[in-house]
Amino acid sequence: MENIKKTCLYPQHLALGAQMSPFAGFDMPIQYSCIVEEHNAVRTACGVFDVSHMGEVLVTGPDAEKYVNHIFTNDISGAPQGKIFYGMMLYENGGTVDDLLVYKRGENDFLLVINAANIDKDVEWMKKCSAGFNVRIDDLSDELGELAIQGPLAEDVMETVLGIRCAELAFYTFKETTLPNGSAVLVSRTGYTGEDGFEIYAYPGLIVDIWNALMESGKVMPCGLGCRDTLRFEVGLPLYGDELSEDITPLEAGLGIFVKLDKEGGFIGREALLAQKNEGLKRKIVGIELQDKAIPRHGYEVLTADGSKVIGTVTTGYRGLSVDKSIAMALIDSEYTAIGTPVSVKIRKKVFPATVISKKFYKKSYKK
């Protein structure tokens with residue numbers, strides 16, 4: 001693992017005895033104590049994640065808004081400063097380059113937050129698609145660190161521990177502010193856990209200081225990527241490489257609300273998605289509940305109820321920690337996607353009965 005990267009918090013993770021593992025080219029903490037304890041801390045109190053492996057790309061210039069709208073499925077036109085949008089970048093065939101967040105910092109000034117595993121690919125794609133636009137694209141991924149502070153007590157932690165007032169921030173908005181010591185940070189009311197929470201972007205040295213202050217406060221639990229995945233999965237949030245990919249479109253993933261097919265000027269991949277919508281989806285991502293305690297994993301086959309025909313594959317599966325059920329998200333043939341449809345899942349050499357259910361296994365608790 002000679003070329004594996006480390007975030008600015010790597011020494012802190014080792015000092016806390018974190019179980020480290022390669023993820024998206026980085027040596028990242030998977031858990032510190034116990035995934036179940038960390039998962040429950042975010043659901044009931046407050047947890048903090050090192051997400052400094054994520055990528056950040058700054059897009060500026062006279063055509064920045066027009067350009068971002070061209071590569072992005074959501075519609076950012078006329079958005080107020082401080083607004084955040086979720087959406088996808090697509091290939092011409094409708095396959096997903098990546099899912100991302102777009103932060104509007106000012107007129108023709110946008111920060112794009114992308115997945116760690118896709119940084120090089122995404123930046124190359126963005127530059128390729130910039131021909132004809134008067135924009136500047138700066139990859140800031142190695143210059144910024146990021147923390148996610150998540151859970152029902154997150155707002156209290158932000159104010160009492162870090163001195164950052166966040167009550168005025170609505171979900172999917174942000175502000176650029178300073179800590180009591182004058183250090184600049186960008187704070188957003190976002191996260192990928194289904195709970196209220198915040199994400200903080202700052203230069204690496206400051207991220208280390210903030211992490212240390214949070215740990216010294218005793219008010220948060222350090223959380224690894226293990227529970228980050230169980231948390232996002234329970235509330236039906238997709239992970240690139242599982243529920244979205246070059247071969248899975250946003251419509252198949254059930255993310256049509258973030259695809260504005262009628263926005264002025266369109267976007268790359270629009271025609272392919274429009275054709276897919278008009279022809280009818282041949283497959284969709286759904287939720288599945290097993291009647292047994294066996295755990296469905298990524299790549300396992302989903303079959304008809306009698307086990308005679310393969311109709312899809314599991315994209316993510318776990319024993320739901322907040323719902324105590326064996327559940328999965330799966331990409332299956334559309335004729336079997338109605339809620340209540342009986343199906344089955346092949347786990348190793350045995351077939352287990354299951355039922356199609358909503359992929360939102362656990363109710364989100366965001367602050368609107």
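Student: How does the lining of the largest cavity split by class: how many nonpolar, polar and charged residues?
Tutor: Keep in mind that this is a predicted model. The lining is made up of Gly236, Pro238, Glu243, Ala253, Leu255, Ile285, Met329 and Lys359. Gly counts as polar, while Glu and Lys count as charged. So Gly236 goes in the polar bin and Glu243 and Lys359 in the charged one, and the split is five nonpolar, one polar and two charged.

Student: And what volume does that largest cavity have?
Tutor: There's one cavity of 30 Å³ or more in the structure. Its volume comes to about 40 Å³.

Student: Over to the pockets: which element gives the largest share of the lining of the largest pocket?
Tutor: That pocket has a volume of about 630 Å³. Its lining counts 31 residues, with Phe23, Met54, Asn115, Arg228 and Leu239 nearest the centre. Strands E6, E7 and E12 and helix H7 each give two or more residues. The largest share, five residues, is from H7.

Student: How many charged residues are in the lining of the second largest pocket?
Tutor: This pocket has a volume of about 470 Å³, and 22 residues line it, Tyr86, Leu237, Ile257, Phe258 and Lys364 being closest to its centre. Lys counts as charged, so Lys364 is one of that class. Alongside 13 nonpolar and four polar residues, the number of charged ones is five.

Student: Which side chain of opposite charge is nearest to Asp122?
Tutor: Asp122 sits in helix H4 and touches Met89, Val97, Asp98 and Ile114, leaving aside residues up to four places away in sequence. Asp122 is buried but has no salt bridge. A salt bridge needs a distance within 4 Å, and at 4.5 Å the nearest side chain of opposite charge is Lys121.

How values were computed: Residues numbered from 1 in each chain as written. Predicted model: local features only at pLDDT ≥ 70, side-chain atom pairs only at ≥ 80, totals over all residues. Heavy atoms only, no water. 1 Å grid on protein atoms, 1.4 Å probe; cavity = no way out; pocket = protein on both sides within 12 Å on 5 of 7 lines; lining within 4 Å. Points joined across faces, edges and corners; volume = space filled by probe spheres on them. Helix = DSSP H or I, 4+ residues; strand = E, 2+ residues; numbered from the N terminus. Buried < 20%, exposed > 50% of the residue type's maximum accessible area, 1.4 Å probe, protein only. Lys, Arg positive; Asp, Glu negative; His and termini not counted. Contact = heavy atoms within 4.5 Å.
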